[in-house]
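User: Hi, I am new to this structure and would like to get to know it. Could you walk me through a few questions?

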Amino acid sequence: MVGAVVVKDSVEVGAGHHEFAGAPHAEVNALADAGTDAQGATLYVTLEPCCTTGRTPPCTDAVIGAGIARVVVGCLDANPAHAGRGIDVLKAAGIATTVGVAESACRSLNESFFHWIRYKRPFVILKMGMTLDGKIATASGQSKWITGPAARRRVQRLRQWADAIMVGGETARSDDPRLTVRSPKNWPRQPRKIVWTTVPPSDFSPELRIFADPANNPLFAAPRTSGEWMCFLADLGAQDITALLIEGGGELAANCLRAGAVDKLVFFVAPKILGGRGSRSVVAGNDPLSLDDALGLADVKVERVGSDLMITGYPPCSQD
């Protein structure tokens with residue numbers, strides 16, 4: 001996700017973004033929007049301009065040809081084969097360059113793509129919704145709805161981001177989720193559905209909503225160990241799946257965390273206390289023997305989303 005703006009004499013004269021893979025890049029769109037006003041202007045862009053020919057010509061050629069005087073870049077390209085080369089091309093052409101402005105925000109825009117470029121497997125987000133006391137459902141499995149409408153709208157945005165969504169087999173049965181982007185309607189690129197289970201597909205009712213779209217039937221898989229997870233994620237990465245959203249339940253959450261398969265956590269916490277020994281925990285699995293077994297998070301952020309809190313962070317296994 002890349003955006004670009006052309007500014008001349010403190011006035012925005014052009015803007016553009018990269019709309020989809022294979023389409024003109026953000027810089028090219030912004031320069032076309034600016035026209036002749038690009039001469040002597042400053043180009044602001046979230047990602048280093050490309051300097052190689054892929055599906056489109058090099059953006060550095062377009063920047064140089066437009067007569068841009070200065071380029072301000074948010075972050076470098078994460079691909080080791082490209083990182084910094086575009087900047088060198090612009091400098092060699094006599095264009096002043098500044099790199100690293102709002103770098104953290106620009107990197108976070110593309111953390112899944114950067115991760116896939118480096119490791120050839122998808123960036124994995126574990127998303128869970130829970131009560132204040134860490135419960136995701138009653139003992140009978142009832143879970144709708146723990147979080148409020150605003151949090152559920154934010155989950156729809158996460159599904160828009162995802163190339164694939166995974167849930168546990170019990171969640172697929174008890175919640176009967178669609179695992180689709182429902183807002184906005186007619187979303188053009190529905191994520192692939194994955195069910196984490198050792199139960200054969202024939203044991204799942206064909207009436208479940210995960211089977212509603214014959215063109216997007218779910219994949220059934222059950223990686224358990226760290227090695228199995230890495231092989232599974234590598235297989236997904238080879239299919240150009242750059243972003244995997246895991247939505248629970250508790251056993252799946254425990255397993256992927258302990259296996260080191262999660263790159264980022266997004267937990268929605270509702271101001272409710274459910275209680276109950278049999279109520280289902282947000283992270284289940286085996287009982288830890290020591291508090292030293294607890295997973296700490298880095299770069300933790302807390303945001304109010306409607307009546308709920310959204311807590312994000314990165315586990316120690318994350319490589320980005």
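User: Is Trp229 buried or exposed?

Analyst: Happy to help, and keep in mind that this is a predicted model. Buried means under 20% relative accessible area. Trp229 has a relative accessible area of 0%, so Trp229 is buried.

User: Which residue forms an aromatic pair with Trp229 that is edge-to-face?

Analyst: Look in helix α8 (residues 226-238), three residues along from Trp229, about one turn of the helix. The two ring centres are 6.1 Å apart, with 85° between the planes. Planes over 60 degrees apart count as edge-to-face. The partner, at 10% relative accessibility, counts as buried; it is Phe232.

User: Phe211 and Phe220 form an aromatic pair too. Which of the two counts as partly exposed?

Analyst: Their rings are stacked, 6.3 Å centre to centre with 20° between the planes. Phe220 has a relative accessible area of 18%, so Phe220 is buried. The residue at 22% relative accessibility, which counts as partly exposed, is Phe211.

User: The charged end of which residue sits over the ring of Phe204?

Analyst: Phe204 is linked by ring pairs with Phe211 and Phe220 into a cluster. The charged end in question is 4.2 Å from the centre of the Phe204 ring, and it belongs to Arg173.

User: What is the strand order of the open sheet?

Analyst: Five strands make up this sheet, with mixed pairing. Its edge strands, β2 (11-17) and β5 (96-99), each pair on one side only. Strand β1 (residues 3-8) runs antiparallel to β2, joined by six bridges. The order is β2-β1-β3-β4-β5.

Notes:
Residues are numbered from 1 along each chain as its sequence is written. This is a predicted model: local features need pLDDT of at least 70, side-chain atom pairs count only at pLDDT 80 or more; totals for chains, interfaces and linings use all residues. Side-chain values use heavy atoms; hydrogens and water are left out. Two strands pair if DSSP finds at least two bridges between them. Helices (H or I, at least four residues) and strands (E, at least two) are DSSP runs, numbered from the N terminus. Rings of Phe, Tyr and Trp (its six-membered ring) pair if their centres lie within 6.5 Å; planes under 30 degrees apart count as stacked, over 60 as edge-to-face and the rest as tilted. Buried means under 20% relative accessible area, exposed over 50%, partly exposed in between (1.4 Å probe, protein chains only). A charge sits over a ring if NZ of Lys or CZ of Arg is within 6 Å of the ring centre and within 35 degrees of the ring normal.
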